[in-house]
Amino acid sequence: PAALPWWQVVGPGLVVCLADTDAGCVVTAAQTGVEYRMGFVKLQCLLIPVLFMVQDLTIRLGVHTGMGHGELIRDHFGPRAAWFSVSVLCVACAGAMVTEMAGIAAVGALAGVPAWASVLLADLVLLLTVLTGGYSTTERVALAFGLFELFFFVLMVMAIDDGALATDADVWAVDAADGGWWYLLVANIGAVIMPFMIF
């Protein structure tokens, strides 16, 4: 197929990237940083190419075939394989939604909003987005909320400890005998490849 103009690819590409900045991923990254400081940087550097490859393949498949992951599985492996993959996706999404709503409730609590109110508001925004428009509406809403992630750069600059972070050997140390290290290792790997990002 003919190549699409760049502006028709950027939006879907950014939406795919947003899958890796959900509440579960942010909490995992924050906990990793607090407990091990720079100890996971090497692992993250190894995971960046893997993440890029999966996101790139996802975008290319969608752009060049005009079909999603589930449709491609159905066309190439049959309806049973497609139903199985979508069923696994639904289970993963249910778990992800629990972490999303927990994250929204936590942020609401920081602002003094009761958990039920912040979760209800988030649910209403999601329902209105899904019920009142197609993909382009969903993409615009996702990208608008995604702009808030620029604050991570501000926080990163504010957290820099005048160069000591990069030179102090203690901040780079990890102890593989620590059970918490293995738990966070698995959590960080799991936070990189999200099933809903692929679909």
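These legends accompany several views of one predicted model.

**Figure 1. The whole protein chain is built from helices, with 11 helices and 0 strands.** Read from one end of the sequence to the other, the pattern is α-α-α-α-α-α-α-α-α-α-α. The chain has 199 residues, and 23% of them are buried. Among contacts between residues at least 6 apart in sequence, 77% join residues at least 24 apart.

**Figure 2. The accessible surface of the protein chain is about 13,300 Å².** Carbon and sulfur atoms account for 76% of this surface.

**Figure 3. A nonpolar patch of about 1,000 Å² lies on the surface.** Its members are Val-26, Leu-121, Val-125, Phe-145, Phe-148, Phe-151, Phe-152, Val-154, Leu-155 and Met-158. Phenylalanine appears in this list at several positions, including Phe-145 and Phe-151.

**Figure 4. Helices H6 and H8 each supply at least two residues of the nonpolar patch.** Helix H6 covers residues 115–132, and helix H8 covers residues 151–159. The largest share of the patch comes from H8, which gives 5 residues.

**Figure 5. Phe-148 sits in the loop between helices H7 and H8.** Helix H7 covers residues 135–146. Is Phe-148, a member of the nonpolar patch, buried or exposed? Phe-148 counts as exposed because its relative accessible area is 52%, and the cut-off for exposed is over 50%. Phe-148 is thus a loop residue that also belongs to the nonpolar surface patch.

Technical notes:
Residues numbered from 1 in each chain as written. Predicted model: local features only at pLDDT ≥ 70, side-chain atom pairs only at ≥ 80, totals over all residues. Heavy atoms only, no water. Patch = residues over 30% accessible without salt bridge, like charges linked within 9 Å, V, L, I, M, F, W, Y side chains within 5 Å. Areas by Shrake-Rupley, 256 points an atom, 1.4 Å probe, with all protein chains shown as cover. Salt bridge = Lys/Arg side-chain N within 4 Å of Asp/Glu carboxyl O. Helix = DSSP H or I, 4+ residues; strand = E, 2+ residues; numbered from the N terminus. Buried < 20%, exposed > 50% of the residue type's maximum accessible area, 1.4 Å probe, protein only. Contact = heavy atoms within 4.5 Å.
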